[in-house]
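Notebook open, viewer running. I'm jotting down what I look up as I go.

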Amino acid sequence: MLPISAPKVPINNPARRLQCQQAIEHAFQEMAEQAERSGWGGDEIASAFIALANHHILARAAKAEKAAMIERVHQWKRDIDD
């Protein structure tokens, strides 16, 4: 797999999402083509990518929620100890 280029604009720049798509497009296409050569159909591959993207979003949200909950517990403990 080819390397993925780093962002060229700050995180709050509206062009950043498009840059990310462009940066990962080759790897995405390469993976889709490899899956198709392995016998998977185009619709199956597209559906799998969508499901994986959704799972990635949910996992990131769960991780952030867990971190926030841990921070709240730590804050409560600090408040109790003070």
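**Gly-41**

I started at Gly-41, which comes out partly exposed, with a relative accessible area of 28%. That value is over the 20% cut-off for buried and short of the 50% needed for exposed, so the label in between applies. Gly-41 belongs to the loop between helix H1 (16–37) and H2. I also took its distance to Arg-17: the two C-alpha atoms are 28 Å apart in space, with these positions 24 residues apart in sequence. Note to self: this is a predicted model, so every value here is computed from it.

**Overall layout**

Next I pulled the secondary structure, and it is 2 helices and 0 strands. How does the radius of gyration stand against a compact globule of 82 residues? The protein has 19 Å, whereas the globule would be near 12 Å. Along the principal axes, the C-alpha atoms fill a box of roughly 60 × 30 × 20 Å. I then checked burial: 9% of the 82 residues count as buried. The accessible surface adds up to about 7400 Å², and carbon and sulfur atoms account for 61% of that.

**Aromatic rings**

I ran the ring search and got 1 aromatic pair for the structure. It is Phe-28 with Phe-49, 4.3 Å centre to centre and with 35° between the planes, which makes it tilted. The pair ties together distant parts of the chain, since Phe-28 sits in helix H1 and Phe-49 in helix H2, 21 residues apart. Are the two rings' residues buried or exposed, or in between? Phe-49 is buried at 17% relative accessible area, while Phe-28 is partly exposed at 37%. The cut-off for buried is under 20%, so Phe-49 makes it and Phe-28 does not.

**Salt bridges**

Some background before the list: side chains of opposite charge can pair when their charged atoms come close. How many salt bridges does a search of the whole structure find? It turns up 2.

One of them joins Glu-71 to Arg-78, and their closest N and O atoms are 2.8 Å apart. I looked up accessibility for both partners. Glu-71 is partly exposed at 41% relative accessibility, and Arg-78 is also partly exposed, with a relative accessible area of 36%.

Asp-81 and Lys-77 make another, with the closest N and O atoms 2.9 Å apart. Both of these residues lie in helix H2 (residues 42–81), 4 residues apart, or about one turn of the helix. Here the accessibility labels read exposed: 54% for Asp-81 and 52% for Lys-77. The cut-off for exposed is over 50%, so Asp-81 qualifies, and so does Lys-77.

**Nonpolar patch**

Last lookup of the session. Which residues form a nonpolar patch on the surface? Val-73, Trp-76 and Ile-80 do, and together they have about 370 Å² of accessible area. I followed up on Val-73, which is in helix H2. Its relative accessible area is 46%, so it is labelled partly exposed. A patch member needs over 30%, so Val-73 clears that bar.

Technical notes
Residues numbered from 1 in each chain as written. Predicted model: local features only at pLDDT ≥ 70, side-chain atom pairs only at ≥ 80, totals over all residues. Heavy atoms only, no water. Salt bridge = Lys/Arg side-chain N within 4 Å of Asp/Glu carboxyl O. Buried < 20%, exposed > 50% of the residue type's maximum accessible area, 1.4 Å probe, protein only. Patch = residues over 30% accessible without salt bridge, like charges linked within 9 Å, V, L, I, M, F, W, Y side chains within 5 Å. Areas by Shrake-Rupley, 256 points an atom, 1.4 Å probe, with all protein chains shown as cover. Phe/Tyr/Trp six-rings, centres within 6.5 Å; stacked < 30°, edge-to-face > 60°. Rg over C-alpha atoms; globule rule 2.2 N^0.38 Å.
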